[in-house]
Amino acid sequence: MGKNICSICNNKIGLLDNKYKIANEEVICLNCLNKAGGLNQVSSVKKMNSKDIEKQIQVLADKEEKRKEKVKNFEITKQIGQYIYIDENKQQWVLPKGVFTKKIDNSTVYDYSDIVDFELLEDGNSISKGGLGRAVAGGLLFGGVGAIVGGVTGGKKAKQTCTNLKIKITLNDLRNPVIYIPFISSEVKKDSFVYTSSYSSAQEIMSMLQIMCETQKIKSIQETQEMNNKVETISVADEIKKFKDLLDMGAITQEEFEYKKKELLNL
């Protein structure tokens, strides 16, 4: 393959076009790099050969199709402003994108199970935290989808202004492990409508995220119990079959078989 020919699409790379050297002295064009993950993946892509990159492009293309399908089937049953939309039936959620009117077309639909933990950050300080397997810390959750009160004060005199308020969500996703829900990005007074309304929305979202985690926790416990019950049922059936085989062989009597059967079935 020539040094100015993309080893993925076989198109010629112009002298002024960007090209990226990969393994085996091959090069790829910017378009193929974007399909393989974009500039943020350039360091890992450079270590791959053309076949590895083609596989990665296909994996990402399949992932994109699945994302579009999830977006298509997503039904909003609850939303908090235009910050977060929730499909309670499918146990999914999404952070809509857009400047004025936010849509989910280009967003990622996450499952409840994707949440590892989350925290409310104000000017870089953690106000409260929550997540799978733990209650919200640094505040109190009340009234169902209520408010989180209290928070970390540290005994210091409270600031009268806020410059940055956001929720940080840690995900079970190696490629994109952290996402943020921003509320305030410039200085506002804490007695202003902007701050109080933003803080109220943040509190409600924190509550909803904790409910999602608790829902997922209950679901996991139920699935584990169902699996254990199936294993136990299979084990009992196997034991009964063993004694039935012994009965057929004449190794035990019918009375002995009936006794063991009732014992195994807890009758």
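Does Cys6 count as buried or exposed, and at what relative accessibility? At 0% relative accessibility, Cys6 counts as buried, where buried means under 20% relative accessible area, exposed over 50% and partly exposed in between, with a 1.4 Å probe and protein chains only.

Before I continue, this is a predicted model, in which local features need pLDDT of at least 70, side-chain atom pairs count only at pLDDT 80 or more, and totals for chains, interfaces and linings use all residues. Residues are numbered from 1 along each chain as its sequence is written, and side-chain values use heavy atoms, leaving out hydrogens and water.

To stay with the cysteines: the structure holds 0 disulfides, a disulfide being a pair of cysteine sulfur atoms within 2.5 Å. The closest cysteine sulfur to that of Cys6 belongs to Cys9, at 3.6 Å, too far for a bond.

I turn to the interior. The largest nonpolar core (buried Ala, Val, Leu, Ile, Met, Phe, Trp, Tyr and Cys residues joined through side-chain atoms within 4.5 Å) has 30 residues, of which Ile84, Trp93, Ile167, Ile169 and Leu209 touch the most other members. Helix α4 gives the most to this core, with 9 residues; helices (H or I, at least four residues) and strands (E, at least two) are DSSP runs numbered from the N terminus. Beyond four places in sequence, Ile169 is in contact (heavy atoms within 4.5 Å) with residues including Trp93, Phe118 and Leu209. Apart from this core lies another, of 15 residues, among them Tyr20 and Met48.

Finally, helix α3. Its buried residues include Ile53, Ile57 and Leu60, and what covers the buried residues of α3 includes β2, α1, α2 and β6.
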